[in-house]
Structures are given as C-alpha cells and as structure tokens.
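Q: Please take a close look at one part of this structure. I would like to see how one chain meets its partner.

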Amino acid sequence: MKKSWLVIVPVILFILVAAFLYSGLSSDPRQLDSQITGRPFPEFSLPDLMEPDKNYTQAALEGEVTIINVWGVWCVTCAVEMPYLTHLKETQGVRFLGLYFDQDLDPDNGTKTLNRVQQEVTDLLSRYGNPYAFNIFDVYRDTSLDLGVTGAPEHFVIDREGVVRMHHVGDINERVWENKIGPMYHRLSGQNAQSSEGAGR
Amino acid sequence: MIRLWIIALIFVSSMSLAAQNSYEFDSEAQRESFNRLTAVLRCPMCQNQNIADSDAMIAHDMRRKVHQLLQKGKTEAEIIAYMKARYGDFVYYEPPVTLGTIWLWLIPLIFIACASIIVVKRRKPQVSPDMAEKLARADEILKQDKS
C-alpha cells in the first residue's frame with residue numbers, strides 16, 4: 001500500500017510539471033495582457049495629421065464602431081496591411097481611424113518638420129491605398145502610452161460608446177480579420193444597430 | 001593606435017552619459033527617484049531590460065513620462081501604478097502576490113518541507129522487535145561469559 005503511494009506521487013508530479021512546461025512551449029513571451037480592453041478610450045486632444053488646425057477629442061470615436069490603427073510610415077508591416085485595410089473599407093464599410101506617431105520625431109528636440117511627415121504619409125497612402133477616414137497625430141505619443149502600445153501596427157476596436165472592446169497587436173490580414181477582428185466588429189455593429197432600432201420604436 | 005581607441009571610447013561613453021543626463025531635476029532626491037524608477041520598470045517591448053537600459057522607442061517614451069510625472073510631484077508608488085495601469089504587472093520587476101503567483105514562493109518552501117520530512121524519517125534508527133530480542137540475548141550471553 002505504502003509502496004504504490006511512493007510510485008503514484010512522483011508520476012503525478014511529473015505529469016503536472018510536463019503539462020506546465022508543454023503549455024509554455026507554445027506561449028508567446030511577448031504577448032502582454034491588454035489593460036485597456038473593456039475601458040473607455042483614454043481622454044485626448046490631438047490635431048489632425050493633415051490639417052493641424054483641426055482638433056479631435058475622444059468624442060470623435062463615438063457614435064460608430066471604429067477601428068483605431070496605430071501606425072507610422074517607418075513601419076513596414078503597416079504598409080503591407082494597407083491594401084487589405086483599404087479593401088475592408090471599400091467592401092464592408094469599416095471605419096478606420098489612424099493614430100499616427102512618428103519614430104524619428106523626438107518631441108523634445110524634433111528633427112523632422114511636420115511638412116515632411118505629411119509628405120511621407122501622402123506618398124505612402126497614394127501608393128498602397130488610404131483606408132482612413134482621417135489620421136490623428138499623436139505628437140508626443142502620450143495617447144499611445146495611455147493605450148499600452150508597444151510598437152506598430154496595433155489595432156483597437158472601439159464600440160459606439162467609445163469603449164475599447166479589443167486590442168490586437170500586429171497586422172490585420174485575411175486570416176486575422178475572418179477569425180478574430182471581423183466577428184467582433186460585426187457583432188458590435190449589429191448589436192448597436194439593433195439596440196438603436198429598439199430605442200426608436 | 002591605442003590612444004585613438006581610448007579617445008574613441010571616451011567619446012562614445014560621454015555620448016551615452018549625455019543621453020542619460022538630458023533630463024533636468026528640481027532636486028537631488030528627484031534625480032534619485034528617477035534613477036530608481038527607471039531601474040525597476042521593465043521595457044514592455046524588450047524581453048528583459050529595464051527602461052534605463054533599453055534604447056527602444058517605448059523605453060525613451062516611458063523615461064520621458066517618468067520624468068514628467070516626477071516634475072508634476074507624483075510619488076514613486078503612483079508612477080509605478082500609472083505604468084501598471086497601461087502595461088500590466090509585466091512592467092514592474094516585482095510581481096504582485098496573487099493566487100497565481102503565490103506558488104513562486106510556496107513551491108520552494110513546500111519542497112524544503114517535504115525533503116526535510118523525508119530526510120528526518122530516513123535517519124531514524126530502525127530497531128525491529130526481532131533485533132531487540134537478539135540484542136538482549138547477546139547481552140545475556142556476554143554477562144554469562146564475564147561471570
């Protein structure tokens with residue numbers, strides 16, 4: 001009786017440790033838990049990238065399901081996903097807003113003029129397609145920090161009340177859209193359309 | 001040639017010093033807070049570097065934010081909470097004690113406890129009743145021999 005116990009306990013321990021280590025094999029150490037999901041979009045007051053006189057606040061995100069795309073011209077993956085985002089905008093009417101931030105622009109001692117940034121953005125968008133309703137210029141990268149952005153591209157699905165419902169790190173391609181972001185986007189727009197219909201009756 | 005290398009090294013090291021010292025502080029205490037905070041906050045982009053050590057853009061931005069918050073009069077605990085609210089517990093080198101992380105401390109303790117129990121149990125001299133009888137008989141024989 002005592003001897004079987006001596007065999008069973010190490011075997012159970014071994015299985016537990018093996019299962020734990022095996023699950024570690026496929027986990028991505030770079031993946032962080034998003035802190036912003038489920039919370040309202042952080043307050044901001046930022047200029048339009050193309051028309052700096054225009055100013056946006058978080059109110060610009062409300063009223064329509066929106067996907068915020070954090071990007072920059074220096075980011076290669078952002079350029080790669082641009083045609084697909086444009087395709088989504090044209091075929092499904094997805095509302096994309098760009099949250100633009102510049103890597104070379106050191107807010108404390110800037111090395112680039114706004115004109116040059118605008119020129120680079122116009123060039124890139126004319127080459128790969130322009131999915132954006134408009135671009136918000138995150139000059140000091142403060143809003144990116146508030147969102148928990150670590151790089152580009154990153155995407156945030158915002159519902160009509162301005163609450164962040166999903167944080168996706170990495171690009172949007174067909175697979176990601178079909179499996180992850182698309183269902184969430186359609187559910188949010190469907191749900192909200194229904195509830196506003198209900199309110200109208 | 002060596003002299004050239006030394007000059008180059010001095011140049012490079014003074015450049016990195018300049019990068020560290022580009023922030024101005026109201027007091028020496030604030031500078032110390034800044035150095036402490038940038039040492040205990042982890043860069044979310046890098047796998048294991050603090051934000052003082054990393055050259056990633058996000059680390060630059062976080063250092064700037066730490067400096068900004070210190071200037072606003074925030075305490076160190078408030079700044080750590082500020083970063084945790086954005087980047088999660090990952091960003092701070094001291095993990096919080098939760099149901100999930102308590103095992104980091106408990107497993108070694110449980111291991112030590114189990115191991116010492118096993119060691120103590122094994123050390124016990126095993127005198128079977130059978131053996132005790134034999135010893136008693138041997139003693140008797142010895143006594144008989146002596147007398």
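A: Here is a walk through chain B and the side of it that touches chain A.

This is a predicted model, in which local features need pLDDT of at least 70, side-chain atom pairs count only at pLDDT 80 or more, and totals for chains, interfaces and linings use all residues. Residues are numbered from 1 along each chain as its sequence is written, chains are lettered from A and ligands numbered from 1 in the order in which they are written, and side-chain values use heavy atoms, with hydrogens and water left out.

Chain B has 6 helices and 0 strands. Helices are DSSP runs of H or I, at least four residues, and strands are runs of E, at least two, numbered from the N terminus.

Now the interface. Contact (heavy atoms within 4.5 Å) takes in 16 residues of chain B and 18 residues of chain A. The buried area is about 1,600 Å², and carbon and sulfur atoms give 53% of that. Buried area is the accessible area (1.4 Å probe) that two parts lose on being put together, summed over both. On the chain B side, Met57(B), Arg64(B) and Tyr87(B) lose the most, together 36% of what that side buries.

Charges meet here too. The rule finds 3 salt bridges across the interface, each a side-chain nitrogen of Lys or Arg within 4 Å of a carboxyl oxygen of Asp or Glu. One of them joins Arg86(B) to Asp146(A), at 2.8 Å from N to O. In chain B, α3 (57-71) and α4 (76-87) each supply at least two residues of the touching side. The largest share, 6 residues, comes from α3(B).
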